[in-house]
Amino acid sequence: FQLNDTPPTVAVAELMRILMDEEGLEWDEAWDVTTKTCAYTNHTIMAEALEKWPIELFSRLLPRIYQIVEEINRRFVNQIQEQYPGNYEKVKKMAIIMDGQVKMAHLAIAGSYSVNGVAALHTDILKETELNNFYKLYPKKFNNKTNGITFRRWVLHSNPELTDFITGFIGDGFKKDAEELKKLDTPVITKNLKQLYRLLDIKAQKKAELAKYLEETQGITINPDSIFDIQIKRLHEYKRQQMNALYLIHKYLEIKKGKKPTTPITAIFGAKAAPAYIIAKDIIHMILCLQQIIDKDPEVKPYLNVVMVNNYNVTLAEKLIPACDISEQISLASKEASGTGNMKFMLNGAVTLGTDDGANVEIHELVGDDNIYIFGDSSETVIERYKKANYCSKDYYDADPAIKEAVDFIISKKMLAVGDKENLERLYKELLTKDWFMTFPDFKSYCEAKEKAFADYEDRTLWARKMLVNISQAGYFSSDRTIWE
């Protein structure tokens, strides 16, 4: 049983219950079967996803399961004490039941034969920091399985025109073996201007289709001849939609000063967020205010558009991903376990703008420095900064006029005229006094990388080659490979 992240990990105790109560096995035999049957995939290091349940609630709802968890915990604590005699700190950190809570990730690790991360960097972080104590106890359990995507959905189904282009060169084999996409990286195509322009034409067609779809379904008007810069994923501070929005404020102010981009830019956001996540709502609010201000500004609108699509879901993603030029993968290094949107985008010929985080690291290795735009602090720098607890966002705000100007705009008269004072002021204060996911240290580097991508886009042949390299290297990220592993 593959325990897909922390939510289903109660299965460890439920399997024990079935084996003992219904099948009549003794504890040791049931535990032997369970620990050879369950495997745990950790998908995130975010604390809110590593479920912890209050004992009072857990024991009331699942009394028999709780009895079994108590016994698993008792035996597990004995094992820890044997390994680390007299080290109560280790017990406290590793126990399944502690401080009035049942820690589900700990139950999953104790009850599984395999514990995997979902990208090379993520697995290293699990082993070296987040789950280091467990790794020392069970070094052979830990392994990496880089995430994959259902690539037949994300190219054959979503982009039949690109599928036909690929099939015309390398045949049908890639539909069953995604690694065959590598055959596309050949001079027959990369040096053939006619074929490169065919690839650009397909992208233009998908952009026109998206523009038409958004007009018809949501009444949103976008310019299909602009650069489509897209960030679609859960809305979370660590994914840093707020940094993208701060750049767009910066760009808006630059245009107002007369610095106009060569090709217009359309920044598209799509996201879901937990209803109780207040700061996520504030970030959405800021983006919507920005969308409204730009939409009503005839000086800026021809050069810059900001769009937050409604009710983001897979159906909408199937339209957005084939139309994307620049794929925004800008999480704070060390925080994104893997990401899969990054894989879907590259498969459809978008070029990644991102930090060296999650599977971006592996995309970077596959496509090379020239076919990706990497910026920002490394995961080592970020982890060290958290450890020292010495980050002060106000220092960056005071030192960088561009950051100050963009952040101050959040509570400017223009924003307050269209937005809600409480939402905007709360976000402003959050960035200025906390900025837990370190938007400011990466801001300058982000702006530079983004401007470089926009400049490179102007050389259409160069850009088509970048697209082709990304498509040709996307086969590694097929879920066929992950499942086979």
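A cavity is a set of grid points where a 1.4 Å probe fits but cannot get out.

**Figure 1. Overall view of the predicted model of the protein chain.** The secondary structure of the protein chain comprises 25 helices and 13 strands. Along the principal axes, the C-alpha atoms of the protein chain fill a box of roughly 75 × 55 × 40 Å. The radius of gyration of the protein chain is 25 Å, which agrees with the value near 23 Å for a compact globule of 485 residues. Five cavities of 30 Å³ or more are present in the structure; the largest and the second largest are shown in the views that follow.

**Figure 2. Close-up of the largest cavity, with a volume of about 60 Å³.** The lining of this cavity is formed by E237, Q242, I279, I283, L427, E430, L431, D435, W436 and F437. Two helices, α14 (278-295) and α22 (421-433), each supply at least two residues of the lining. The larger contribution is that of α22, which gives the most to the lining, with three residues. By class, the lining residues are six nonpolar, one polar and three charged. The nonpolar class includes W436 and F437, and the charged class includes E237 and D435.

**Figure 3. Close-up of the second largest cavity, which holds about 50 Å³ of space.** The residues that line this cavity are K233, Q329, I330, S331, E336, S338, G339, N342, D357 and N360. Sorted by class, the lining has one nonpolar, six polar and three charged residues. I330 is the nonpolar residue, while K233, E336 and D357 are the charged ones.

**Figure 4. Close-up of the crossing of helix α2 (residues 27-37) and helix α4 (residues 63-83).** The two helix axes come within 13 Å and cross at roughly 85°. Because angles of 65 to 115 degrees count as roughly perpendicular, α2 is roughly perpendicular to α4. Which residues of α2 and α4 meet? From α2 they are W27, D28 and W31, and from α4 they are I68, E71, I72 and R75. The contact of α2 with α4 has four nonpolar, no polar and three charged residues. Among the nonpolar residues of this contact are W27 and W31 of α2, and among the charged ones are E71 and R75 of α4.

Conventions: Residues are numbered from 1 along each chain as its sequence is written. This is a predicted model: local features need pLDDT of at least 70, side-chain atom pairs count only at pLDDT 80 or more; totals for chains, interfaces and linings use all residues. Side-chain values use heavy atoms; hydrogens and water are left out. On a 1 Å grid over the protein atoms alone, a cavity is a set of points where a 1.4 Å probe fits but cannot get out, and a pocket is an open set with protein on both sides within 12 Å along at least five of seven lines; lining residues have an atom within 4 Å of a point. Grid points are joined across faces, edges and corners, and a volume is the space filled by probe spheres set on the points. Helices (H or I, at least four residues) and strands (E, at least two) are DSSP runs, numbered from the N terminus. Axes are lines fitted to C-alpha atoms, for helices over the stretch in contact, and angles run from 0 to 180 degrees between N-to-C directions. Angles under 35 degrees count as roughly parallel, over 145 as roughly antiparallel, 65 to 115 as roughly perpendicular and the rest as oblique. Contact means heavy atoms within 4.5 Å. The radius of gyration is taken over C-alpha atoms; the globule rule is 2.2 Å times the number of residues to the power 0.38.
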